[in-house]
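Work through the exercises below with the model open. Try each task before reading its solution.

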Amino acid sequence: MAHILIIEDNENNLYLSTFILEKHGHRVSAARDGEEGIRLAEELRPDLILLDIQLPGMDGYAVAARLHNSASTSSIPIIAVTSYAMAGDRERILAAGCQGYIEKPINPETFLEQVLAHLPSDLSATGK
Ligand code: MN
């Protein structure tokens, strides 16, 4: 069981992601913009961060760079969640400090597996 911070401004995506993760026993915290996400990441030290790239104000690339370059959050894996499908975005996402990439729209059948692939095995186990 893992504690996952979701930084996402779209309520439908936030709801679906939270539902899937909580259904499988994981704990979810949510932020609706980058500033709140950075604050919660520092305060809560989640096991993993799911980061929307298209956010109001500070975008996901800037959020990832800040988290990656801050000593208190640099060890937390960040997975980008984005609908951008253009060539080069994956490289840009990885360059910003993200470890992986999940494409929107979220596929409920594969989402959990995609998230858990980035967690150590003791945390990726399904909860009680
Ligand atoms: Mn968004």
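Buried means under 20% relative accessible area, exposed over 50%, and partly exposed in between (1.4 Å probe, protein chains only). Helices (H or I, at least four residues) and strands (E, at least two) are DSSP runs, numbered from the N terminus. This is a predicted model: local features need pLDDT of at least 70, side-chain atom pairs count only at pLDDT 80 or more, and totals for chains, interfaces and linings use all residues. Residues are numbered from 1 along each chain as its sequence is written, and side-chain values use heavy atoms, with hydrogens and water left out.

**Exercise 1. Find which residues of helix 1 are buried and what they pack against.**

Step 1. Locate the helix: helix 1 spans residues 11–23.

Step 2. Pick out the buried positions. They are Asn13, Leu14, Ser17, Thr18, Ile20 and Leu21.

Step 3. Place them around the axis. They cover an arc of only 165 degrees (from the directions from the helix axis to the C-beta atoms), so they sit on the same side of helix 1. An α-helix has 3.6 residues a turn, so residues three or four places apart point the same way.

Step 4. Turn to the other side of helix 1. There Asn12, Tyr15 and Lys23 are exposed.

Step 5. List the partners. The buried residues pack against strand 1, strand 2 (27–31), strand 3 and helix 5 (111–116).

**Exercise 2. Describe what lies at the two ends of helix 1.**

Step 1. Start at the N-terminal end. Asn10 caps it, with a side-chain oxygen 2.9 Å from the backbone nitrogen of Asn12.

Step 2. Move to the residue just after the helix. Gly25 takes a positive phi of about 90 degrees there.

**Exercise 3. Map the largest nonpolar core.**

Step 1. Fix the term. A nonpolar core is a set of buried Ala, Val, Leu, Ile, Met, Phe, Trp, Tyr and Cys residues joined through side-chain atoms within 4.5 Å.

Step 2. Find the hubs. Among the 22 residues of this core, Ile7, Ile49, Leu51 and Val63 touch the most other members.

Step 3. Assign the elements. Strand 1 (3–7), helix 2 (34–44), strand 3 (48–52), helix 3 (60–69) and strand 4 (78–82) each give two or more residues. Helix 3 gives the most, with 4 residues.

Step 4. Check for another core. A second, separate one of 19 residues includes Leu48, Leu50, Ile79 and Ile102.

**Exercise 4. State the overall fold pattern.**

Step 1. Count the elements: 6 helices and 5 strands.

Step 2. Read along the sequence. The pattern is β-α-β-α-β-α-β-α-β-α-α.

Conventions. Expected span 1.5 Å × (residues − 1). Contact = heavy atoms within 4.5 Å. Polar contact = N/O pair within 3.5 Å; in protein donor to acceptor, adjacent residues only side chain to side chain.
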